[in-house]
Every structure is written in structure tokens, then in C-alpha cells.
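I opened a new page for this structure. My plan was to look up its pockets first, then its salt bridges, then one glutamine.

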Amino acid sequence: MIGKRSNAAKTTEPVGPADSAGPKHVAIIMDGNGRWAQKKGKIRTFGHKAGVESVRAVVRFARQTGIESLTLFAFSSENWKRPEEEVSVLMELFNLVLNSEAKRLHKNGVRLKVIGDVNAFDDKLVEKIRKAEAMTADNKDLVLNIAANYGGRWDIVNAAKTLAEQVKAGEIEVADINEQAFTRETSTADLPELDLLIRTGGEHRISNFLLWQCAYAELYFTDVLWPDFNEDVFQLAVDDFNVRQRRFGLTGEQILTAGS
């Protein structure tokens, strides 16, 4: 089965201008690299290297279809618990991708951002990240967010700490803290609301990814392992999104009336 989804209401055609225009912000949990490699009799790290081409494919697709922001879960704060050799290869791969892809992204009008606690990385890697971000900072075609050493709970706690410091400094009052103020302190503050979250690899969980941002996102799960994820599979996910009725607390009848 290519794709599964949560039990959200579905209509026979896109509902509302936002849906018909497709998702503006898509996030992907890139899962299944290790299992893909093992199925081919290779070591797990072979799958991580193969997955780089899928990253290129989804970036191309996002640019071509008008997606404004694409957020990829590359390395979670929990991934440090993996075997040391695998973590080492992931860090090496991150370095190599920054070296080889930053100029390509810049040439194609893609702005690169890395979200997460990068302080855990070595100084050379952090310097490469900052240089790539600076080089692509003015690009407008697509914002590519790489979540590295990222966790949704970390993001929420970090935002809460920032707001607490602002209260302590007398910059804001406790009464000023609301959902909008909290969102402004998260890692994705300058991005569109998350519309669609895709997870590859057959697992049906979000694994501490964009917890705050997922509040009203549509979820799409596919059995396709990440190295096999391409433009065609991405299109299936977008097509599925485009026929969902996104109610945001309203009834289906209210949405249909508003769209008529």
C-alpha cells in the first residue's frame, strides 16, 4: 500500500482556496534508510547515502509545484543513541552534503535553514551551516529547513524559556503570552503554518517532530522507504492532501457554505 492516512473527513474534490492551491508548508520524516539497505544486503549507512538522491527529488518537486517551505527531519535529538559508527557516518554525510549541495541550492533559488540545537555539533560543521545559510539567505523560490539535532519537545521548551526570560526582563507581561506569542519563539516562526506532514517507512508516529506545529497539519503515512521516495510518491501525498476537508474546528457544512 502506497499511502495511509489518519481518520480525517474526505470529500470528492478540494475544499476552499487553500486546499485547491495545495500545501504551502510540507514536512517529511525521512524514515527507512537502514531497512532499505538491509534488504539489499548492505550495511545501514549505505541507505543514508542513497537517501540523498531522494532529498534532491523532493526539493525539485517542491520548487516545481509551488510549495513555499519544505522541512526535512534529518537527525533527531534521540538519534545520538544510535550506534557510534552510524552517527559518525551521518555527521560525515551532513558535512559532504553541505559541501556539495549549498551552491546548487543557491543557484536554484533555495534558501537553506537548519533548525535544531546545532551547538552539539563540532565547530567546523556549525561554521559550514552558518555559511550555507548566509549564502542562501535572500533566495525566494523555496525555504528548505533541515531539522538536525531537533526535537519537538526541545522546540517547545526553548520557546517557553525565551518567553520566561522576556517576562523576567520586563519586556512582556505574563498576560501577553498566547499561542501567537509562543509560535513566534519556535524554530519555524517565520514559515507558513504546517499543512502536511509525511512519514515514510511504514511507521505511524511523528517521533517528537514539530509537535507544536502539527496541531492542525494533515498526516500522511507511506510504506515507501525513504531511498525509494520520489516525485511520483510525493505527488500521491499532495493529491491526497488536496481532497481532504480541513475543518479547523468547524463542521463540514460550515466549510461547504463558506466555500460556496
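**Entry 1: the largest pocket.** I began with the term itself. A pocket is an open set of grid points with protein on both sides within 12 Å along at least five of seven lines, and its lining residues have an atom within 4 Å of a point. I also noted that this is a predicted model.

I looked up the volume of the largest pocket and found about 1200 Å³. Its lining is made of 46 residues. I marked M30, V55, F73, A74 and F75, which lie nearest its centre. Next I asked which elements give two or more residues to this lining. They are α2 (33–39), α3 (44–65), β3 (69–76), α4 (84–107), β4 and β5 (142–150). The most comes from α4, with ten residues. I then sorted the lining by character: 24 residues are nonpolar, nine are polar and 13 are charged.

**Entry 2: the second largest pocket.** I turned to the next one and read a volume of about 530 Å³. Here 24 residues form the lining. E193, L194, Q213, A215 and Y216 lie nearest the centre of this pocket. Helix or strand, I wanted the top contributor, and I found that α7 gives the most, with three residues. By character, the lining splits into twelve nonpolar, seven polar and five charged residues.

**Entry 3: salt bridges.** How many salt bridges does the structure hold? I found 19. I picked out some to look at singly.

The first on my list was K113 with D190, where the closest N and O atoms are 2.9 Å apart. K113 sits in strand β4 (residues 110–115) and D190 in the loop between α7 (179–183) and β6 (196–199), so this pair ties together parts 77 residues apart in sequence. Are the two partners buried or exposed? K113 has 14% relative accessibility, so this lysine counts as buried. D190 is partly exposed, at 46% relative accessible area.

Next I looked at R130 and E133. Their side chains meet in a salt bridge at 2.8 Å, N to O. Both residues belong to helix α5 (residues 123–136), and because they are three residues apart there, about one helical turn separates them. R130 is partly exposed, with a relative accessible area of 41%. E133 has 16% relative accessibility and counts as buried, because the cut-off is under 20%.

Then I took E218 and R244, whose side chains form a salt bridge at 2.9 Å, N to O. E218 is in strand β7 (residues 218–222), while R244 is in the loop between α8 (231–242) and α9 (252–259), so the pair ties together parts 26 residues apart in sequence. I checked burial again: both E218 and R244 are buried.

Last under this heading, I traced a network. Salt bridges link E53, R56, R60, E101, R104 and E231 in it.

**Entry 4: Q166.** Where is Q166 found? I located Q166 in helix α6 (residues 152–168). Its relative accessibility is 16%, so Q166 counts as buried. I then listed what Q166 touches, leaving out residues up to four places away in sequence. The contacts are E171, I172 and E185.

**Entry 5: recap.** I kept three items for quick reference. The largest pocket draws most on α4 for its lining. The K113 and D190 pair joins a strand to a loop. Q166, in helix α6, is buried.

How values were computed: Residues are numbered from 1 along each chain as its sequence is written. This is a predicted model: local features need pLDDT of at least 70, side-chain atom pairs count only at pLDDT 80 or more; totals for chains, interfaces and linings use all residues. Side-chain values use heavy atoms; hydrogens and water are left out. A salt bridge is a side-chain nitrogen of Lys or Arg within 4 Å of a carboxyl oxygen of Asp or Glu. Helices (H or I, at least four residues) and strands (E, at least two) are DSSP runs, numbered from the N terminus. Buried means under 20% relative accessible area, exposed over 50%, partly exposed in between (1.4 Å probe, protein chains only). On a 1 Å grid over the protein atoms alone, a cavity is a set of points where a 1.4 Å probe fits but cannot get out, and a pocket is an open set with protein on both sides within 12 Å along at least five of seven lines; lining residues have an atom within 4 Å of a point. Grid points are joined across faces, edges and corners, and a volume is the space filled by probe spheres set on the points. Ala, Val, Leu, Ile, Met, Phe, Trp, Tyr, Cys and Pro count as nonpolar, Asp, Glu, Lys and Arg as charged, and the others, Gly among them, as polar. Contact means heavy atoms within 4.5 Å.
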